[in-house]
Amino acid sequence: MATGLTLKELSKKEELLTHGHRMCAGCGAPIAVKMVLLATDYPVIAANATGCLEVSTCISEYTAWKIPWIHTAFENAAATISGVETMFRSLKKQGKIDGNVKFMAFGGDGGTYDIGLQSLSGAMERGHDMLYVCYDNGAYMNTGIQRSSATPMGADTTTCPAGSIIPGKPQKRKNLTKIMAAHNIPFSAQASPSHWTDLMKKVKKAHEIKGPKFLNIIAPCNRGWRSKTNDAIMLSRLAVNTCYWPLYEIEDGVTKITYTPKEKKPLVDFMKPQGRFKHLFAPENAELMKILQEQVDSDWEKLKRESECG
């Protein structure tokens, strides 16, 4: 039985996010979005919150999207697509339309964790049959690398600059994947473009589940992370193998780790290639580095316990 996940099978599929967009060279977001759309076997309608992905893939009358695509405001991508999904159900009930269409929303962490959280929470609570995909690059990259609630503790941003007053962002990042699961939705998961089969399997699974689904994908930003333009996959893999970004899913309240590193790497391996953490390697920040490692270790051990209980 064909799964649609072999490289041979994928090579025959049409890319629904094409080349020619104006995302930065090496950006993790379009890589993730291409994978999501390649894993989708149904007709798709998508809403896209304002952000890097939106402004760079649809310039004036030119678009890189080969699906019905709606640019919506920063704060209401989930509300927009939930309205489209409701309209579709109504028209189908009236016998005016037929078929099986999947409804998706895309947003960065600024438009998902922060500005769009209210409409996202509402759409999840109401139970719309939709999949919300967050590409998490850890800051408001489109507007100047300002901190978001997805920004990791200690990272240098333009609104939490590392210096003599603070060593970067002082707060721990928000765990939105678990916040979405707490809405009692049937499926919430984390994925990484470095582990593409895991990512695409989660998309396929989500589309077969009725109701609201949430997928959080790490998307390295070389501009904001101060990393090399060809490091997106390497950094996303290190995020997984250090357990900074563990791969797991919560289906009907049951937590399952979908990938366990053969050798858990120290967090510094993920941080070293990124200029946003450069200041943390100074001797005076040694204690903070220790705290950051302890936080990752604690979160990973807690996730393993939750998975074992499931």
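Reader: How much space lies in the second largest pocket?
Author: Keep in mind that this is a predicted model. Residues lining the second largest pocket include Arg22, Cys52, Asn137 and Arg223. The space in this second largest pocket comes to about 170 Å³.

Reader: Which elements give two or more residues to the lining of the second largest pocket?
Author: Let's look at who lines it: Cys52 and Ser56 are on the list, and so are Asn222 and Arg223. By class, the lining splits into 6 nonpolar, 4 polar and 2 charged residues. The elements giving two or more residues are helix 3 (52-57) and helix 9 (222-225).

Reader: And the largest pocket, which element gives the largest share of its lining?
Author: The largest pocket holds about 460 Å³ of space. Its lining has 22 residues, and Lys172, Arg173, Tyr244, Val296 and Asp299 lie nearest the centre. By class, that lining has 13 nonpolar, 3 polar and 6 charged residues. The largest share, 6 residues, comes from helix 12.

Reader: On the sheet, which strands does helix 12 touch?
Author: First, the sheet itself: it's an open one of 8 strands, in the order 4-1-5-6-8-7-9-10, with mixed pairing. Its edge strands, each pairing on one side only, are strand 4 (69-72) and strand 10 (254-259). Helix 12 (residues 286-309) packs on this sheet, and its direction makes about 120 degrees with that of strand 10. The strands it touches are strand 9 (247-251) and strand 10.

Reader: Which residue in strand 6 stands opposite Ala105?
Author: Strand 5 (residues 102-108) and strand 6 (residues 130-136) are joined by 5 bridges and run parallel. Across from Ala105, the residue in strand 6 is Tyr132.

Reader: At what angle do helix 4 and helix 6 pack?
Author: Start with the residues that meet: Ala77, Ala78, Ala79 and Ser82 in helix 4 face Ser119, Leu120, Ala123 and Arg126 in helix 6. Sorted by class, the residues of this contact are 5 nonpolar, 2 polar and 1 charged. The axes of helix 4 (residues 77-93) and helix 6 (residues 117-126) are 7 Å apart, and the angle is about 35 degrees.

Reader: Is Glu125 buried or exposed?
Author: Glu125 is found in helix 6. The cut-off for exposed is over 50% relative accessible area. Because its relative accessibility is 60%, Glu125 counts as exposed.

Reader: How many Å apart in space are Glu125 and His195?
Author: Along the sequence, Glu125 and His195 are 70 residues apart. In space, C-alpha to C-alpha, the separation of Glu125 and His195 is 30 Å.

Key. Residues numbered from 1 in each chain as written. Predicted model: local features only at pLDDT ≥ 70, side-chain atom pairs only at ≥ 80, totals over all residues. Heavy atoms only, no water. Pairing = 2+ DSSP bridges. Helix = DSSP H or I, 4+ residues; strand = E, 2+ residues; numbered from the N terminus. Contact = heavy atoms within 4.5 Å. Axes fitted to C-alpha atoms, helices over the stretch in contact; angles between N-to-C directions. Nonpolar A, V, L, I, M, F, W, Y, C, P; charged D, E, K, R; others polar. Buried < 20%, exposed > 50% of the residue type's maximum accessible area, 1.4 Å probe, protein only. 1 Å grid on protein atoms, 1.4 Å probe; cavity = no way out; pocket = protein on both sides within 12 Å on 5 of 7 lines; lining within 4 Å. Points joined across faces, edges and corners; volume = space filled by probe spheres on them.
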